[in-house]
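Q: Please give me a close look at one part of this structure, residue by residue. I should then like to see how that part sits beside other sites and the chain as a whole.

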Amino acid sequence: EEKLDGENRYFCENCQSKQSATRRIRLHSLPPTLNLQLMRFVFDRQTGLKKKLSTFINFPEQLDMEPFLEGKLDQRPVYELSAVLIHRGISAYSGHYIAHVKDALTGDWYKFNDEEIEKMEGKKLQLGIEEDI
């Protein structure tokens, strides 16, 4: 939820004035497979170009979507992380993508980098390490 107050108040068409409000998104249903994309680019007003964000993001192996639903479902909407796509490179205009994919049968994680495929050993989801940023 985002509070809209002070200078950031919502303009009400009915009242023809600015009002304090809360802006939020609530989902009514969810798909069997959930695909989330984080747009990690911002517009740099000084240069007039897109700039890549490089802050670390941590994400869970399980994602409970219940807090984002308007109504209740028959089953708790929990998703298992099955893949992560990472952009390598400092620019918003060029770089390289590497996919990390979980084998649904064994639970093992694999790193796909063009023709090179390697099984990820050790702690499965250290995807934010220096080589992947």
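**Valine 101 and its setting**

A: Valine 101 belongs to strand 10, which runs over residues 96–102. The model described here is predicted. With a relative accessibility of 31%, valine 101 counts as partly exposed, because that class lies between the 20% limit for buried and the 50% limit for exposed residues. On the surface, Val101 joins Phe112 and Ile117 in a nonpolar patch. Together, these three residues offer about 230 Å² of accessible area. Membership of such a patch requires over 30% relative accessible area, and the 31% of valine 101 satisfies that requirement.

Two further sites may be set beside this one. Leucine 63 is located in strand 7, covering residues 62–64. Its relative accessible area of 25% makes leucine 63 partly exposed. Beyond the neighbours within four places in sequence, leucine 63 makes contact with Leu34, Leu36, Pro77, Val78 and Tyr79. For one of these partners, tyrosine 79, the C-alpha atom is 5.1 Å from that of leucine 63, although 16 residues separate the two along the chain.

Lysine 52, in strand 6 (residues 49–52), is buried, with a relative accessible area of 16%. That classification follows because buried means under 20% relative accessible area. The side chain of lysine 52 takes part in a polar contact of 2.9 Å with the side chain of histidine 87. It also reaches the backbone oxygen of glycine 89, at 2.7 Å. Once neighbours within four places in sequence are set aside, the contacts of lysine 52 are Arg40, Phe41, His87, Arg88, Gly89, Ile90, Ser91 and Ala92.

The wider chain gives these sites their context. It contains twelve strands and zero helices, so the pattern along the sequence is β-β-β-β-β-β-β-β-β-β-β-β. Of its 133 residues, 16% count as buried. The accessible surface amounts to about 10900 Å², and carbon and sulfur atoms account for 51% of that area.

As for overall dimensions, the chain has a radius of gyration of 20 Å, whereas a compact globule of 133 residues would have one near 14 Å. Along the principal axes, the C-alpha atoms fill a box of roughly 60 × 50 × 20 Å. Among contacts between residues at least 6 apart in sequence, 31% join residues at least 24 apart.

Methods:
Residues numbered from 1 in each chain as written. Predicted model: local features only at pLDDT ≥ 70, side-chain atom pairs only at ≥ 80, totals over all residues. Heavy atoms only, no water. Patch = residues over 30% accessible without salt bridge, like charges linked within 9 Å, V, L, I, M, F, W, Y side chains within 5 Å. Areas by Shrake-Rupley, 256 points an atom, 1.4 Å probe, with all protein chains shown as cover. Salt bridge = Lys/Arg side-chain N within 4 Å of Asp/Glu carboxyl O. Helix = DSSP H or I, 4+ residues; strand = E, 2+ residues; numbered from the N terminus. Buried < 20%, exposed > 50% of the residue type's maximum accessible area, 1.4 Å probe, protein only. Rg over C-alpha atoms; globule rule 2.2 N^0.38 Å. Contact = heavy atoms within 4.5 Å. Polar contact = N/O pair within 3.5 Å; in protein donor to acceptor, adjacent residues only side chain to side chain.
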